[in-house]
Amino acid sequence: MKIRNDVIKVYKDVHIWVGILSGLMLFIAFYAGAITMFEKPLERWATPPSSLAAPPPLARAEVLLQAVLAEHPQAAKNYLIVVEPTVDAPARVIWREPGKSRRQFTEFGASFADDGSLQVEKLRKAPVAQLVDTLHQLVGLPFPDALARPIMGAVALLYAVALVSGLIIFLPTLAKDLLAMRIGHNIKRLWMDVHNALGVVSLPFHVVMALTCVVFAFHDEFYDVQGAVVYEQGVPWQRETPPGPPTPDARPLPAVELLRLAHAQQPGFDVFNFSFKQAGGQLEASITGLDTRYGTRARTYASTHLNPYTGEIDPHDLPGQMDPWDTAVNTFFMLHFGSFGGNPVRWLYLLLGLAGALLFYTGNLLWIESRRRKQRADGVPEQTRSARVLGSLTVGVSLGCVVGISATLAATKWLPQRVDNLAAWHEGIYYALFVAAVAWAFVRGAPRAAVELLRLAALLTLLIPLSSLAGVWGIGGAWHHPGIGCVIDLTALAAVPVFLVIAGYTARRMRVGHADSVWAQPASSQPLPPSGRGPASALQE
């Protein structure tokens with residue numbers, strides 16, 4: 001395909017500057033997003049064991065609920081009856097009490113002790129998985145959602161522009177360069193091949209991510225338009241008054257009966273829990289579960305309204321039974337979260353997410369190398385300050401994200417025994433390591449900082465499975481859930497040699513690469529070039 005050189009140059013400039021502006025935040029979004037593909041296993045791996053007695057049978061859920069309401073009447077405002085208790089939801093009855101702000105709440109669980117007395121525990125679901133997800137959603141910005149989300153939307157729009165411009169640049173040489181890996185002395189050419197191959201092969205994935213991110217960032221505005229254009233008279237199910245009790249003394253159906261009716265109405269829908277809350281003086285209910293035949297709007301569940309007195313399920317929010325408009329909206333969520341196809345799709349999305357992070361990391365560094373080649377032709381004697389700043393910023397932000405996430409995950413098994421505000425500690429650990437890594441990159445320079453931060457990332461990532469091993473041995477209050485979280489420990493263990501190998505190649509490149517590469521060590525400590533070759537010949541690599 002033939003495209004004029006002046007057109008290619010315009011799109012190349014657009015691609016470069018848009019990539020530079022958005023690449024660092026997109027690295028954080030993709031790296032954290034890859035980890036969130038296994039958010040639920042991570043959450044269970046990170047949640048400390050409960051001291052509650054084993055949950056009573058579902059048939060006794062109402063007896064337990066009445067005991068809870070007798071001692072904690074505030075629980076009637078918002079409570080769950082759990083059908084399938086798990087590590088992160090270990091009680092048959094769970095309720096929430098509001099915290100200091102609208103979004104803060106405390107969860108409590110209840111069971112019967114061996115002597116039949118009511119046993120209540122403040123649940124400590126691990127917040128670290130939510131932190132990683134928040135980093136993904138808000139591209140690592142430590143701002144309130146209302147401020148960070150529009151910025152994320154703008155980054156997603158730039159991301160879409162970078163995809164289009166990059167594809168146009170690559171089209172003229174598509175047949176020749178697609179999947180070409182020219183391994184040799186020209187390391188920049190090899191990295192360019194890797195960058196192009198990652199971009200083209202995963203292009204459909206990146207298009208989906210860009211479009212869905214825009215939808216998520218501006219979903220309120222989209223919903224306002226949808227309400228004005230599609231549902232001019234209001235959303236049908238919101239116009240309906242929630243059904244009250246059929247008689248003044250009517251009571252909600254027992255959980256066992258609700259479960260039986262749910263299975264009869266929705267075969268194949270695996271019910272996780274029933275949720276109840278008081279709203280406007282009436283009891284409202286919902287049902288949460290998963291039908292693996294369909295992709296879901298959330299990563300691991302689907303939820304819809306339920307009449308607590310008749311057991312009738314409102315299917316309008318369930319995949320496979322939505323109207324066309326809601327099906328289209330659900331598709332955006334499903335494609336973004338990879339909530340279809342089970343674990344094979346999750347692993348595929350994890351690999352694509354990590355490949356995307358590598359795409360943004362290499363993009364900035366390739367620009368520095370390309371710019372340096374032009375500067376040498378113009379007689380500029382050394383790397384400019386702007387190139388060194390961008391190199392340090394790229395290394396610091398990217399590897400700071402990796403180091404920060406590994407550090408806060410490694411602390412997961414130790415914090416609950418020592419601190420109360422787990423969310424604040426996890427957030428503090430991440431941002432402290434992130435800021436320190438960025439500062440370190442500027443102090444040490446991009447090449448040395450890259451080697452040191454990669455080795456630190458390997459060490460901190462190794463501490464993740466070691467913390468589980470400490471839990472097996474009962475060291476220092478750590479814990480381990482048998483059979484849960486092995487995927488987390490094994491994945492972290494597999495990442496350690498990857499970080500070390502990259503650090504080794506970066507260190508070698510720093511020692512023997514050409515003198516004014518972004519990876520070259522500072523001139524004051526740079527060795528002489530190999531015999532028979534002067535600086536001029538080294539620069540041609």
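This is a short talk on aromatic rings, helices and a few single residues in a predicted model.

Before I start, a word on the ground rules: this is a predicted model, in which local features need pLDDT of at least 70 and side-chain atom pairs count only at pLDDT 80 or more, while totals for chains, interfaces and linings use all residues. Residues are numbered from 1 along each chain as its sequence is written, and side-chain values use heavy atoms, with hydrogens and water left out.

Let me begin with the aromatic rings. A pair of aromatic rings is described by the distance of the centres and the angle of the planes. Here the rings of Phe, Tyr and Trp (for Trp, its six-membered ring) pair if their centres lie within 6.5 Å, and planes under 30 degrees apart count as stacked, over 60 as edge-to-face and the rest as tilted. The structure holds 16 aromatic pairs. One of them is the tilted pair of F216 and F333, with 4.8 Å from centre to centre and 45° between the planes. This pair links distant parts of the chain, since F216 belongs to helix 8 (residues 203–217) and F333 to helix 12 (residues 324–337), 117 residues apart. When I speak of helices, I mean DSSP runs of H or I with at least four residues, numbered from the N terminus.

Are F216 and F333 buried or exposed? Buried means under 20% relative accessible area, exposed means over 50%, and partly exposed is in between, with a 1.4 Å probe and protein chains only. F216 has a relative accessible area of 12%, so F216 is buried, and F333, at 14%, is buried as well.

Another pair, Y430 and Y431, is edge-to-face, with 4.9 Å between the centres and 80° between the planes. Y430 is buried because its relative accessible area is 0%, and Y431 is buried at 17%. Y430 lies in helix 15 (residues 422–444), and its C-alpha atom is 9.6 Å from that of V132, although the two are 298 residues apart in sequence. Elsewhere, ring pairs link F30, Y159, F205, F340, Y349 and F360 into a cluster.

Some rings also have a charge over them, which here requires NZ of Lys or CZ of Arg within 6 Å of the ring centre and within 35 degrees of the ring normal. R297 lies over the face of F333, at 5.4 Å from the ring centre, and the charged end of K413 sits over the ring of W479, 5.5 Å from its centre.

That brings me back to helix 12, the home of F333. The expected span of a helix is 1.5 Å times one less than its number of residues, and for the 14 residues of helix 12 this should give 20 Å, which agrees with the 20 Å between its end C-alpha atoms. In helix 12, the residues D326, V329, N330, F333, M334, H336 and F337 are buried. Why do they belong to one side of helix 12? They cover an arc of only 165° around the axis, so they are on the same side of helix 12, where the arc is that of the directions from the helix axis to the C-beta atoms. An α-helix has 3.6 residues a turn, so residues three or four places apart point the same way.

At the N-terminal end, D323 caps helix 12, with a side-chain oxygen 2.7 Å from the backbone nitrogen of D326. A polar contact here is a pair of N or O atoms within 3.5 Å; within protein, one must be able to donate a hydrogen and the other to accept it, and residues adjacent in sequence count only if both atoms are side-chain atoms. Helix 12 is followed by G338, whose phi is positive, near 65°.

Helix 2 (residues 39–46) has its own set of buried residues, namely E39, L42, E43, W45 and A46. They cover an arc of only 165° around the axis, which puts them on the same side of helix 2. In the loop between helix 2 and helix 3 (61–71) we find T47, which counts as buried at 4% relative accessibility, and whose side chain reaches the backbone nitrogen of A126 at 3.2 Å.

I will close with V139, in the loop between helix 4 (128–137) and helix 5 (145–170). V139 has a positive phi of about 45° although it is not a glycine, and at 3% relative accessibility V139 counts as buried.

Definitions and conventions. Helix = DSSP H or I, 4+ residues; strand = E, 2+ residues; numbered from the N terminus.
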